[in-house]
Amino acid sequence: MKKLTVLLLLIIFIFNSCFDSSNSKPNTTILDSDEYDSKIERVEILKKEIKYFSDFEDAEFELFNVNGFSDSRTVLPGASSWDYKFVIKINPSDVNTWTDGMEKILSSKDDKDWMNDIIEKRKIKWKTTSSPELYNRQGTNVLMIVYRSEGIIYKRVVNL
C-alpha cells in the first residue's frame, strides 16, 4: 500500500510540474524582437534560444517553435517544428567562426522577404554596403547570408 501511495504522489507531482498553470507567462510559440526595445534584452533572449559561435552586440528575430521557448515551456515537448529567422551584429573578425562547416553557395532562390521583415522596425541599424555571401549547411535547411565587412549575419533555420 505504501508503494502505491508513493507512486500516486509521484505521478501527481510530475503532472503538476509539467502542467503548472501558475506560470505568469503564457506558453508562446512565437518570439519577435519587435516586442523588445532594448538591444541588450534582444541579445539576451536570442542567446537563450540559439547556438552561437561568438558574442554579438545586436539582434533582430522572428522565432517560431511549436514547443514554445525556454522561459515559457510548461508542457512536455512533442514533435519538434521550428522556423528561426534572425540577424545579428558581430565583430567582423568573428565571421569565420559562424561560417565554419558551412558550404558557400553562389546564389539562392530562397525568398529574401524574411530578411526585410525581421529588421523592419529598426532597419536603419542594419544598413549594408558590401556584397552578401551565401552559405548553407549540407543536409539541413539552414541558410546564412553574411555581410562580412559590416559583421552582419542573417540566418534562417527551418525544421518543419
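**Figure 1. Surroundings of V87 in strand β3.** V87 lies in strand β3 of this predicted model. With a relative accessibility of 0%, V87 counts as buried, because buried status requires a value under 20%. Leaving aside residues up to four places away in sequence, V87 touches D58, A59, E60, I118, I119, W126, I152, I153 and Y154. One of these neighbours, A59, is 28 residues from V87 along the chain, and the C-alpha atoms of V87 and A59 are separated by 5.6 Å. Two of the residues touched by V87, D58 and E60, reappear in the salt-bridge network of Figure 3.

**Figure 2. Overall arrangement of the predicted chain.** The protein has four helices and seven strands. Read from the N terminus, its elements follow the order α-β-α-β-β-α-β-α-β-β-β. Of the 160 residues in the protein, 38% are buried. Among contacts with a separation of 6 or more, 64% are between residues 24 or more positions apart.

**Figure 3. The salt bridge between R122 and E60, with its network.** The side chains of R122 and E60 form a salt bridge with an N to O distance of 2.6 Å. This pair connects distant parts of the chain: R122 is in the loop between α4 (113–119) and β5 (133–136), whereas E60 is in strand β2 (residues 58–65), and the two are 62 residues apart. R122 and E60 are both buried. A network of salt bridges links R42, D58, E60 and R122. Under the criterion applied here, the count of salt bridges comes to 10.

**Figure 4. The salt bridge between D83 and R156.** A salt bridge joins the side chains of D83 and R156, at 2.6 Å from N to O. Distant parts of the chain are linked by this pair: D83 belongs to strand β3 (residues 82–89) and R156 to strand β7 (residues 152–159), with their positions 73 residues apart. D83 is buried, its relative accessible area being 12%. R156, by contrast, has a relative accessible area of 23% and is therefore partly exposed, since the limit for buried residues is under 20%.

**Figure 5. The salt bridge between E120 and K123.** The side chains of E120 and K123 meet in a salt bridge, with an N to O distance of 3.3 Å. This distance satisfies the criterion because a salt bridge is assigned within 4 Å. E120 counts as partly exposed at 47% relative accessibility. K123 is likewise partly exposed, with a relative accessible area of 45%. Neither residue is classed as exposed, because that class requires a value over 50%.

**Figure 6. Helix α2 and its buried face.** Helix α2 spans residues 39–49, and its residues R42, V43, I45, L46 and E49 are buried. Viewed down the axis of α2, these buried residues fall within an arc of 165°, so they line one face of the helix. I40, E44 and K48 are exposed residues on the face of α2 turned away from the buried side. The packing partners of the buried residues of α2 are β1 (30–32), β2 and β3. One of the buried residues, R42, also takes part in the network of salt bridges with D58, E60 and R122.

**Figure 7. The largest pocket and its lining.** The largest pocket holds about 290 Å³ of space. Its lining consists of 15 residues, and I50, K51, W82, Y84 and V157 are those nearest the pocket centre. The elements giving two or more residues to this lining are β3 and β7. Strand β3 supplies the largest share, three residues. By class, the lining comprises seven nonpolar, three polar and five charged residues.

**Figure 8. Position of N67 in the loop between β2 and β3.** N67 is placed in the loop between β2 and β3. Although located in a loop, N67 is buried, with a relative accessible area of 13%. This value meets the criterion for burial because the limit is under 20%. N67 and T28 are 39 residues apart along the chain, and their C-alpha atoms are separated by 8.4 Å.

Notes. Residues numbered from 1 in each chain as written. Predicted model: local features only at pLDDT ≥ 70, side-chain atom pairs only at ≥ 80, totals over all residues. Heavy atoms only, no water. Buried < 20%, exposed > 50% of the residue type's maximum accessible area, 1.4 Å probe, protein only. 1 Å grid on protein atoms, 1.4 Å probe; cavity = no way out; pocket = protein on both sides within 12 Å on 5 of 7 lines; lining within 4 Å. Points joined across faces, edges and corners; volume = space filled by probe spheres on them. Nonpolar A, V, L, I, M, F, W, Y, C, P; charged D, E, K, R; others polar. Arc of directions from axis to C-beta. Contact = heavy atoms within 4.5 Å.
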